[in-house]
Each structure stands twice: as C-alpha cells, then as structure tokens.
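Please look at the model shown here and follow how its helices, strands and nonpolar cores fit together. The report below takes these topics in turn.

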Amino acid sequence: MLGARGGWRALRRCASLPRPLRLRVREALGAREPADAVRVQGWVRSVRSQKEVLFLHINDGSSLESLQVVADPSLEKRDLTFGSAVEVQGKLVKSPHRMQNMELQAETIRVVGPCDIWSFPLKMKERHPLEYVRQFPHLRCRSNTLGALLRIRSEATAGIHSFFQDNGYVHIHTPIITSNDCEGAGELFQIGTSSEAKESAEKTHFFNVPAFLTVSGQLHLEVMAGFTELMSNLQAVAGKGWKGEVWRRLTRAFTHVFTFGPTFRAENSQSRRHLAEFYMVEAELSFTESLQDIMQVMEDLFKTVTSTVLCKCPHDVELFHKYIAPAQKGRLEQILKHKFMIISYSEAVEILKQAPQTFTFKPEWGCDLQTEHEKYLVKHCGEVPVFVVNYPYDLKPFYMRDNEDGPQHTVAAVDLLVPGVGELCGGSLREERLPFLKSRLQRLGLTDAYQWYLDLRKFGSVPHGGFGMGFERYLQYILGVDNIKDVIPFPRFPHSCLL
C-alpha cells in the first residue's frame with residue numbers, strides 16, 4: 001500500500017512540473033530573454049558534428065533564418081540527418097555569434113521523422129535553381145526560396161484584405177461555378193459530373209444549364225455594389241407602396257465591395273506570364289463617374305500592399321532581390337515614391353509607331369496592345385508604372401462605358417502597365433445607362449443571357465466602376481521572378497507534376 005501511495009505522489013509531482021514552452025523558430029530567434037525549458041520542432045537544415053560539440057540548424061517555415069542548436073555529441077543519432085523532422089528540448093540562451101540573437105542548448109533531441117538523404121531531391125547547402133525545384137511540387141516548399149515565397153504570399157494576402165477593410169470595402173465571396181462569361185472571350189473551363197462525360201451530350205446538365213469555372217467575379221460584384229437585397233426587397237414589399245420602410249430597405253446596398261479568390265482561364269499558353277488557375281483581386285465602387293477614381297484605388301492598393309510586404313518580410317524579399325532580381329529593390333523603392341503616369345490608348349499607339357525598334361505585331365489603332373508593346377511603353381515612360389486609358393470600343397467587353405466620342409470610338413477602360421511584366425491591372429467604368437447597355441447586348445446577341453444584368457439598370461442604377469489585379473502577376477513583378485509558375489504554391493506544368 002505504501003508503495004502504491006508513493007507512486008501516486010510521484011505521478012502528481014511529475015504532473016505538476018511545467019512542460020517545456022513550445023516556441024516557433026521565429027519566436028525563438030526574436031526572444032529578448034533566455035528561457036530554461038523550451039521545445040522547438042522543425043526540420044534539420046544542416047548537421048555539423050565536431051569532437052566536443054554538435055551543431056544543428058532547424059527551421060519550421062516561420063522564418064527564413066534557421067535556429068542554431070548546440071548539443072553534446074552524445075545526442076547525435078544515426079537518423080539525425082539533413083531533412084529529418086526533429087523535436088529539440090533545452091535552454092534558450094544568448095548566442096555568442098553576432099549573426100544570431102539566440103541559440104538553443106539541447107538537452108534532448110528526438111527524431112520525429114527520418115529523411116533518406118540519398119533520395120531526397122533537395123541537398124544541404126545547395127542553392128537549387130527555380131527550374132529544378134519546380135519538378136518537385138510536393139517538396140519544393142522545403143527550399144528557402146519557396147518558403148520565402150509562401151510567407152510573402154501570406155503577408156500580401158493579409159495586406160490586400162487590410163487595405164480594403166481599412167477603406168470601408170465589404171468582402172464578398174463570389175461563385176467559382178457560374179454560367180457567365182465575364183470576359184466574353186470563350187476561354188472557359190466547362191464543368192460537369194464524371195457520369196455526364198460518359199453519357200450522351202444531350203443529357204440534361206447538372207445545373208440545367210452549361211456551367212463553367214469563373215474567369216472573373218466582376219459581374220457578381222456589380223450585383224452587390226449598389227444593388228444588394230434589391231430584388232428580394234421588391235418582392236417582400238410588393239403592394240405596400242413606395243414610402244418609409246420601402247426606401248430604408250432599398251438603401252442597404254454596399255457602395256464599395258471586393259473579392260479575392262481563384263479564377264480560371266482555358267488559355268493553352270505555356271508562356272512565362274500566364275496561368276490556367278490564378279488568384280484575382282477585384283473591386284467595385286459605386287457613385288463614381290471618373291476613371292481617375294478607379295486609377296487612384298489601383299495605385300493606392302499597389303503601393304500600400306507593396307510597402308507592407310517590404311516592411312513585414314524584409315529578409316524573404318531580400319532573398320529574391322539578392323539572388324534572382326538584384327536591381328528590383330531599388331526600382332520598387334523609386335516607384336513607391338512617385339505618381340504613376342497616365343497616357344491614352346491613342347497616344348500609346350503613336351508612341352509605338354514612332355519607336356526605333358521593329359515589333360513582331362505592328363501597332364495599329366484598333367488592335368490590342370501586345371506584351372512587347374506594353375513593355376516598350378513602360379520603358380519609354382521612364383520605367384515607371386503607366387496607366388493606359390480609353391481603349392477602342394470594339395476591343396473591350398460589353399459592360400464598359402461608352403465614351404460617346406468620335407471618330408475613333410472608345411470606352412472608359414484602363415490598364416496598368418508595369419516594368420518587365422506589362423499589364424498588371426485592368427478596369428473600367430461600367431455602363432450604367434440602360435439604353436446603351438441594351439443596344440450593345442442586342443448587337444452581340446446576348447440579351448437573353450444577360451437579362452438579369454439589364455435588370456440592375458432598371459432599379460436604382462448609379463455610375464460605378466471597378467478593376468481586377470492578378471495576384472500572381474503582382475508577386476512576379478515585385479519579386480522580379482521571370483516565370484510566373486515560380487510564384488504559385490503548386491506548379492501545374494509539366495503536367496506530370498499535377499497533384
């Protein structure tokens with residue numbers, strides 16, 4: 001009995017002992033004071049064993065910098081190798097080295113998951129080219145470059161949401177599956193069930209109409225930007241007159257909305273600028289009659305988010321600017337200090353016609369600007385971002401506002417061009433006038449498909465506009481990466497690497 005009682009007392013004492021404090025690598029490196037009992041988990045980045053001391057560097061993805069672990073050689077295990085997952089417990093102490101604030105004096109090292117270093121495609125202390133790690137989409141996040149990229153993506157995403165929320169925008173989750181083709185280019189992925197693919201094409205669709213992966217959330221945002229609850233409220237108050245409560249309920253719409261989600265383009269392009277799946281930031285503003293308002297939001301968004309990324313991820317960004325795009329840091333700093341330029345489409349065409357170089361695609365008024373044209377225009381304007389406004393009427397989708405000018409007929413559209421990439425953002429004022437919109441849809445034979453869109457112009461329509469920015473192309477630009485496939489978590493090319 002005494003032995004049992006003594007055992008229970010020992011168990012209670014053990015239970016009362018404090019567990020080692022679990023720290024992320026980033027927290028350990030940034031700690032201001034030493035700590036007697038800490039626990040750090042991560043993957044081994046390097047192992048160096050000497051006669052009297054064992055050195056490890058471990059990383060858990062929270063920081064570009066790894067935490068140095070100092071241990072007695074007796075703690076070294078056979079499976080303690082580069083790439084293995086470990087849990088280290090010990091004391092966090094001030095590091096004698098100037099390059100690191102803290103280091104971990106290990107008391108125990110447990111290998112959680114061993115790593116076969118001979119078959120592991122990433123090698124210790126090697127700086128693998130982006131083309132090489134692209135072959136291993138399931139492992140490349142373990143490299144320094146892709147780890148830095150993912151942290152930058154995370155901060156940029158948070159920065160985008162913060163920008164819009166701080167400026168009074170409401171975040172809307174727009175549908176991924178839709179029957180609309182916002183761009184009107186026909187470059188959509190049509191979807192269906194696996195059984196539909198095997199059966200007759202005449203069989204009824206799952207949604208009763210053809211359905212596609214979205215190319216843009218713009219049309220759904222327009223529903224929310226000034227028209228939220230309108231149709232349901234009309235039904236709810238039918239027959240009750242148009243006073244008091246009716247008007248209060250009709251004025252609950254949102255004037256500023258944004259969405260940030262995946263979009264899809266069925267472009268069979270393997271260029272360095274295009275993706276089949278990418279994320280798009282889109283915003284709509286009600287009660288705006290000027291392209292200048294749209295351009296100001298585009299410029300403010302770019303500068304605010306870029307400043308946030310440079311401030312919160314300095315070491316991660318520096319990795320790209322040091323080894324991939326050495327001059328990009330200076331260019332970004334200059335861009336953030338200056339206003340973006342504005343030229344018209346007509347002025348752009350004249351600049352291109354007078355260019356001393358020969359283009360693959362001859363610049364002509366009425367033709368779309370190609371990437372080579374966009375890059376030249378930015379270079380001509382001093383390597384600063386350039387807004388190109390007022391594009392030809394026949395080049396742009398039906399929803400863009402008619403400028404009613406002539407003889408060269410244009411719409412109130414804008415593209416933002418940036419150095420080295422070309423188009424980064426695209427936007428326009430939307431056609432809020434019912435007769436103009438109805439006439440254009442009739443000419444295009446789209447009246448039936450977009451009857452709901454016409455309805456929006458019948459019930460409290462207001463001047464409005466908006467824009468979209470490709471998130472991956474934005475990252476490609478600020479980091480100076482040549483291939484856009486290197487700024488996505490999982491590359492879709494080559495196709496054998498699909499997960």
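## Cores, sheets and a helix pair

Leaving aside residues up to four places away in sequence, phenylalanine 164 touches Tyr169, Phe258, Val281, Ala283, Leu301 and Phe467, where contact means heavy atoms within 4.5 Å. This is a predicted model, in which local features need pLDDT of at least 70 and side-chain atom pairs count only at pLDDT 80 or more, while totals for chains, interfaces and linings use all residues. Residues are numbered from 1 along each chain as its sequence is written, and side-chain values use heavy atoms, with hydrogens and water left out.

Phe164 is also, together with Leu301, Phe302, Tyr474 and Ile478, one of the residues that touch the most other members of the largest nonpolar core, which has 63 residues. Such a core is a set of buried Ala, Val, Leu, Ile, Met, Phe, Trp, Tyr and Cys residues joined through side-chain atoms within 4.5 Å, and buried means under 20% relative accessible area (1.4 Å probe, protein chains only). Helix H9 (residues 291–312) gives the most to this core, with 9 residues. Apart from it lies another core, of 30 residues, including Tyr376, Leu377, Met400 and Leu441.

Helices (H or I, at least four residues) and strands (E, at least two) are DSSP runs numbered from the N terminus, and two strands pair if DSSP finds at least two bridges between them. The model has two open sheets to set side by side.

| Strand order | Pairing | Strands |
|---|---|---|
| E7-E11-E12-E17-E16-E15-E14-E13 | mixed | 8 strands |
| E8-E10-E9 | antiparallel | 3 strands |

In the sheet of 8 strands, E7 (170–171) and E13 (341–344) stand at the edges with a single partner strand each, so one side of each is left without a neighbour in the sheet. Strands E14 (residues 386–392) and E15 (residues 410–418) run antiparallel and are joined by 6 bridges, and phenylalanine 387 stands opposite leucine 416 in E15. Helix H16 packs on this sheet, touching E11, E12, E15, E16 and E17, and its direction makes about 60° with that of E17.

H16 (residues 471–479) also packs with helix H4 (residues 144–166), at an angle of about 120° and with their axes 11 Å apart; the axes are lines fitted to C-alpha atoms over the stretch in contact, and angles run from 0 to 180 degrees between N-to-C directions. Among the residues that meet there are Leu149 and Ile160 in H4, and Phe471 and Leu479 in H16.

Terms used:
Buried < 20%, exposed > 50% of the residue type's maximum accessible area, 1.4 Å probe, protein only.
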